[in-house]
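Colleague: I would like a close look at a single part of this model. Please take the helix that gives the main nonpolar core its largest share, and work outwards from there.

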Amino acid sequence: MGQNQEYQNFELDPAILWDIIRSQAGTRDKALLEIVMNSVDAGATRVDITLNERGFGATDDGKGFADKDEILRFFKRFGTPHKQGDAKFGRYRMGRGQIMSFSLNSWRSSTFRMDVNIKEGLGFMLHENLPFQTGCVIEGQWYDKLRPSDFLVLKQGLEQLCQYIPIPVYLNGERISVEMDKEKWTLVDDDAYYRLRLDGNSLTVYNQGALVRAYPSGQFGVGGVVVSKGQLQVNFARNDILLQECEVWKRVAAKLRAYARERQEKKPVMDEPYRTSRAYALTSADFPNAIEFAQAVDGDKVLTDITGKHLSFGELVSRVSKSANKLVMSPQAGSVIADKVHKSGLAVVLSPKTLERFGARTLPDLLKRVIDAGTARFNAPHLVGNVQFALAAYQEFEFVAASLSENYEPVEDKALSAKELIVLRAIREGHESMFWQLRSRFHGKKLRQIRIGESDTAAAWYTGADVIFLNRENLSLPGHKGALVPHLTKVGAYLIHENLHDTQSAAAHTHGEEFMMEFHELVVSGALGTFVNRAMDAYLVLKVKEAKKTTLGDRKEMDRQAALEGDLPEETSITEGSLLPL
């Protein structure tokens, strides 16, 4: 017998089709956006959507399905590609599956109706020879009735998604798409409409009016809104742009970065979006020439240390050179031991905020990306010398911090020296005076006890049991002239800080903006002066009482304090008639 041959088409297993339908269905509002985009592709001049907790309706005046053959080719079959130029949005005719994932629905067009319930099977019931229907009418019932809060989120989401659709879109009788020519735009060119803000947190991009996604403002140097006029190349789920392939977006991105550079050169705003944009530029070497790249490496403050100070790579190298040539990354925000490592000069400690800004997983990864980008783009390793120095100085945090302990050990009063007890009693008296002055600002808290402890990492901490611990090192007064007032001022600030805490502050913790604003407000208030004055008075009295004698320095400090309070002139002189008879 002769050999037989027969060509066989590949087939798609129903389970795979089910997975495709379910996996592309992100949210109900995105599913409804797909219906709107299909209406635009069908040449509709208007779309009306009705929406409630039980279901939805969508009506358009597009071309609909002309005949049964179109239904079998384009509705029955998933994945039929559009021809070049025959649709604004459509690519593979897959989007209708999204709404099928959330509802049982019927599609009415021409003399046909297609009823779909994928929970009962991957197919549809086709009805023929019905009264003629212009365009397309879709009605659906949610598989699960929406809660009022879910309905509100769905409605608001759909309004945002359809805001710039190029034809009128109505939701429950109200128009939700804007008239583009009546909107105020920063720029308009052949590729897009632009409404830009240098201080915006994100850049929201619409593909011919359909929302794609919001990008971090730092990625393109600017925040705001971009609505493309031409079709953007997007991924299968339509929730991201194929940045390296889309020629339209390449031109738009160039316009965005040029706009950001121009505005920043006129009036730089050193805020987080700006730092993020510069970080992105450094890791991609997105500079017109090697000189500007080198200037950015040395001068752009894109690194943040554990104290919140922003540094350039040039400044970082200078700091690292003064800190045992060691650079580490803090394991978490608010780490007290990381703060101690940094302030003690064991190493320069960068905040995890730096990694977030660069989109990097580790500090070596961040540094290598800048080095690789600069070397590949400009072929000049010397341009990234500071970054290479930082990479060579990098060490694991645990290794550098091994000499420090996060233990907090209490110290009883009886274990203190006589000199330490005098300082402690003075601090307690000053704290009590300050507390009663600030009681209303401390939200009615009880007067917290002041006790002494020892810690490698904290100057003070709150235990959560109405007890504030001061590190024992605060009881050692500076020996040089005039240093007592600054020392007590620092201690008073510690006490204000710990009084504001509602929970334990010994472990790693961070402070919100509201906390820090209140702290700074109280520090500059008169209450801190109350603490210093009362503690100073108590210290000098106790010093005299306990020691039975004063040194020349003590007496000068007493006179100085009295002069500050107006009890004595700072200087006196004898003139004729100034000596009165006894």
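Modeller: What follows starts at that helix and then moves to other parts of the chain. The model is predicted, so local features need pLDDT of at least 70, side-chain atom pairs count only at pLDDT 80 or more, and totals for chains, interfaces and linings use all residues. Residues are numbered from 1 along each chain as its sequence is written, and side-chain values use heavy atoms, with hydrogens and water left out.

The helix is α2, residues 28-41. Helices here are DSSP runs (H or I, at least four residues), strands are runs of E (at least two), and both are numbered from the N terminus. Helix α2 supplies 7 residues, the largest share of the largest nonpolar core. That core has 49 residues. A nonpolar core is a set of buried Ala, Val, Leu, Ile, Met, Phe, Trp, Tyr and Cys residues joined through side-chain atoms within 4.5 Å. Buried means under 20% relative accessible area, exposed over 50%, and partly exposed in between (1.4 Å probe, protein chains only). In soluble globular proteins, nonpolar side chains tend to be buried together.

Leu-32, Ile-99, Trp-107, Trp-142 and Ile-165 touch the most other members of the core. Take Ile-99. Beyond its neighbours within four places in sequence, Ile-99 is in contact (heavy atoms within 4.5 Å) with Ala-31, Leu-32, Ile-35, Phe-56, Asn-105, Trp-107 and Trp-142. Another core lies apart from this one; it has 39 residues, including Leu-421, Met-434, Ile-452 and Leu-470.

Now the helix packing. The axes of α2 and α5 (residues 148-161) come within 9 Å and cross at roughly 40 degrees. That crossing is oblique, because angles under 35 degrees count as roughly parallel, over 145 as roughly antiparallel, 65 to 115 as roughly perpendicular and the rest as oblique. Axes are lines fitted to C-alpha atoms, for helices over the stretch in contact, and angles run from 0 to 180 degrees between N-to-C directions. The crossing of α2 past α5 is right-handed; the near helix is turned clockwise from the far one by less than a right angle. In α2, Arg-28, Asp-29, Lys-30, Leu-32 and Leu-33 meet Leu-154, Gly-157, Leu-158 and Leu-161 of α5.

Next, the loop after α5. Ile-167 sits in the loop between α5 and β7 (169-171). Ile-167 is buried, at 11% relative accessible area. Its sequence-distant contacts, leaving out neighbours within four places, are Val-40, Ala-44, Thr-45, Arg-46, Val-47 and Ser-177. Val-40 is 127 residues from Ile-167 along the chain, yet their C-alpha atoms are separated by 7.4 Å.

A second helix pair is α8 (residues 272-284) with α13. They pack at about 60 degrees, with axes 6 Å apart. The pair is therefore oblique too. Leu-282, Thr-283 and Ser-284 of α8 meet Arg-369, Val-370 and Ala-373 of α13. Thr-276 belongs to α8. Thr-276 is buried, with a relative accessible area of 17%. Leaving aside neighbours within four places, Thr-276 is in contact with Gly-218 and Arg-357.

Thr-362 lies in the loop between α12 (352-358) and α13 (363-378). At 25% relative accessibility, Thr-362 is partly exposed. Its C-alpha atom is 8.2 Å from that of Met-329, 33 residues away along the chain.
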